[in-house]
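Dear colleague,

Here is the structure I said I would pass on. My notes on it follow below, sorted by topic.

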Amino acid sequence: MHPCLLVSEILVNIFAEVNERDEEEAARTLAALCRTCRAFREPAMKVLWAHLGTLVPLIRCIPCVKTIRSKGKSQDDLPTLALEREMTSTDWEIFLSHSRLVLTCGYYVSRRDKHPVLNSPSHDIGTDILRALSSPPPSSTVFPHLRKIRWTDSRKDSIRFFRLILTPALEFLDMSSITDSVYSVIIPSINDACPSLRIMHLPKWPFLHLPDMFDKWPNLAYVTSGPLADATIQSLGRLTHLASMDICLHKLHDIKSLVENPGFSTLRRLVLRAYNINLVTAFMRQVKSVHLREVKCYLPHGTTAVGIQEWITILLDRCMPRRLEILEIEDYADAGAEFPDQFTLTPDYASALLAICWPSMQSIALGTHWGWRQQSDVSLKGLLSLVRHCPQLESIGLVMNAVTTDITCQRPGGGLRRPKVTSLNVGDSRVGDPLAVAAFLSDVFPRLLSVDAFNHLGGRRRPIPVAKEHEEKWKEVERLLPAFSKVRAQEHPPVGPRRKAFFLEELYLA
C-alpha cells in the first residue's frame, strides 16, 4: 500500500468524494471499505456516520433493539423500534462508538414529521428507547462532536434525551416543528448548553418573552423565530454577527425605546411576517444596517398605499445602491366588495426607479401571490424598463396591464435579452393578444417556459372583472412560449471563436 494511504486525513477526503459521487450505493460502498482492512476502517466509519438523516440507523446498531411491525393499514404507520431488555454496558459501548462519529443528524417521530430535504424515517422510535438513552453511563457524552440537529419530537419522553444532545459544539439547531408545550420547557435549557450556536430555527408562532435570551449566543448569524417581546428583539439587535433574520411581528409596545436603541448593523437578509404594515415600518426604523441584500415582507391583514410608500422610503435609505438583490412583498388580506385602492406602481417609470436604485436585484415579487385586485398601470414597456436596469434578474413577479401591446412587431424587446429568466409570475394581470405578448416575452426572455397567472386567487377575494377570460389568455401565452423559444434559439446561434473575436473588434472600435 502506498504510504499516502496510511494518512487518515487523505483517506477521509477520498471516501468523502466516494460518498458524494455515488449517492445510491454510498452507504454500502463505505461499509465495504470498513471491512476491507484496518487502515480503511476508521476513516470510512467517519464518513459513513458523519451525516445521518434520522437516528434510526444509530439505534438499530444496539443489539437489544427489536422491530415491532405495525398492524395498521395507513401509509403513515411505520414499524416501531423497541427494547427487548435493559441496555447493558456492552450495548452502550457499541452505541457510543458510533454516536461519537455523528456530526449532523435529524430526528423524526414518524413519516408525517419528515423534512423534505433529509431522508424520511423508516421506523418509529419507541418511548422506552428514549428513556433508556436518557440515562447514559457516568462521565460519557452521547454526541460529543454533534454540530447540527433537526428535532421534531414533541413527546415529553424525548425532552430529557434532547437535553443530552445539547453540547457546546452544536452550531445548528432546528426546532421549528415542535409544539408550544415542549418548546417552552426546552428553550431555557439551550441558553448555557450551546454557546457556539450560529444557526437557529425556532417555531414561528409561539410568543417568546425571554429578555436576554440571545445574549447567550454571541456567534448567532441566522435566526428564524415567531413573535418576540420588545426586550427580546433588542437583545437580538445587539448581536454582532447576525446576518439573516426571519421573525414575526405580533406587537411592538415600546416602539420609542426600539427606535432610540437601533441595532442589526450586520444584517444582510430580513424576512418580516407582520400583522400590518405599520409594525413593519416601526421595526425598520431601528434597523441600522445599510447592507441589506434580501428583504421580504408578508402581511396577513392588509396594508395601505401610504404604509407601503413609507416602507419603501425607509428601505431606500437602508439598502445601498447595487446591494439589494431580492425584494418581495405580499398582502394576504381578504378583500370584500368594497376593496380599497391598493398600492400600485402607477407609471412605468416607478418600476424603472426601483431598478435604478437597486440594479443588482436577482428577484422581485410585488403582490403577485394574491394579485392586486385592481388594474395595474405597469405596461410591457414598464417591464422592459425594469429588466433593462437589472441585468442579474432571475425571478420576476409583477402585475401588469398587457391588454394594449405598446410595442413594435419586428423586435419587441428592442434587442434587450435576459436569458436567466425562465419563469414569470403575473398574478392577476390583464392581457390582450396572447400571440403578441408571447412574441414580446420570448424576445426579452428567450428561455422563458412558464407563466404563473391567477393560480392563488379565490376564496373571499374579489377577482378582477372577466378574470376567467384573462386566465385562459395567459395559458395560451404559456402554450406559445416553447415554439417561440425554439425560434429565438435559431435567431441567436452559439457564438464560435471567430464570431466572438469579430464582436470584440466591433466593441473596441465603437
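**Confidence**

This is a predicted model. Among the elements of the chain, helix H5 (residues 89-99) has the highest mean pLDDT, 93, and helix H17 (residues 497-509) the lowest, 35. For the chain, the mean pLDDT is 76, with 75% of the residues at 70 or more. Two stretches should be read with this in mind. Residues 334-349 have a pLDDT below 50, yet in the model this stretch has 40 contacts beyond near neighbours in sequence. Residues 495-510 are also below 50, and there the model has two contacts beyond near neighbours in sequence.

**H3 and its two partners**

Helix H3 (residues 38-50) packs with H1 as well as with H2.

Helix H1 (residues 8-21) comes within 9 Å of H3, axis to axis, and the two cross at roughly 50°. An angle of roughly 50° falls outside the ranges for roughly parallel (under 35 degrees) and roughly perpendicular (65 to 115), so H1 and H3 are oblique to each other. Their crossing is right-handed. On the H1 side the contact is made by Ser 8, Leu 11, Val 12, Phe 15, Ala 16 and Asn 19; on the H3 side, by Ala 39, Phe 40, Pro 43, Ala 44, Lys 46 and Val 47. By class, the residues of this contact are nine nonpolar, two polar and one charged.

Helix H2 (residues 26-36) packs against H3 at about 155°, and the axes are 7 Å apart. Since angles over 145 degrees count as roughly antiparallel, H2 is roughly antiparallel to H3. The crossing here is left-handed. H2 contributes Ala 27, Leu 30, Ala 31, Leu 33, Cys 34 and Thr 36 to the contact, and H3 contributes Phe 40, Arg 41, Ala 44, Met 45, Val 47 and Leu 48. Ten of these residues are nonpolar, one is polar and one is charged.

Phe 40, Ala 44 and Val 47 of H3 appear in the contact with H1 and again in the contact with H2.

**H14 and H15**

Further along the chain, helix H14 (residues 380-388) and helix H15 (residues 434-444) pack with their axes 12 Å apart, at an angle of about 5°. That angle is under 35 degrees, so the two helices are roughly parallel to each other. Leu 380, Leu 383, Leu 384 and Val 387 of H14 meet Val 437, Phe 440, Leu 441 and Val 444 of H15. The contact has eight nonpolar residues and no polar or charged ones.

**The sheet**

Three strands make up an open sheet with mixed pairing, in the order E2-E3-E5. Strands E2 (65-68) and E5 (124-125) are at the edges, each pairing on one side only. Strand E3 (residues 80-83) pairs with E5 in the parallel sense over two bridges. In one of the pairs, Thr 80 has Asp 124 of E5 as its bridge partner.

Regards

Definitions and conventions: Residues are numbered from 1 along each chain as its sequence is written. This is a predicted model: local features need pLDDT of at least 70, side-chain atom pairs count only at pLDDT 80 or more; totals for chains, interfaces and linings use all residues. Side-chain values use heavy atoms; hydrogens and water are left out. Axes are lines fitted to C-alpha atoms, for helices over the stretch in contact, and angles run from 0 to 180 degrees between N-to-C directions. Helices (H or I, at least four residues) and strands (E, at least two) are DSSP runs, numbered from the N terminus. A crossing is left-handed if the near helix is turned anticlockwise from the far one by less than a right angle, and right-handed if clockwise. Contact means heavy atoms within 4.5 Å. Ala, Val, Leu, Ile, Met, Phe, Trp, Tyr, Cys and Pro count as nonpolar, Asp, Glu, Lys and Arg as charged, and the others, Gly among them, as polar. pLDDT is the predictor's confidence in each residue, from 0 to 100. Two strands pair if DSSP finds at least two bridges between them.
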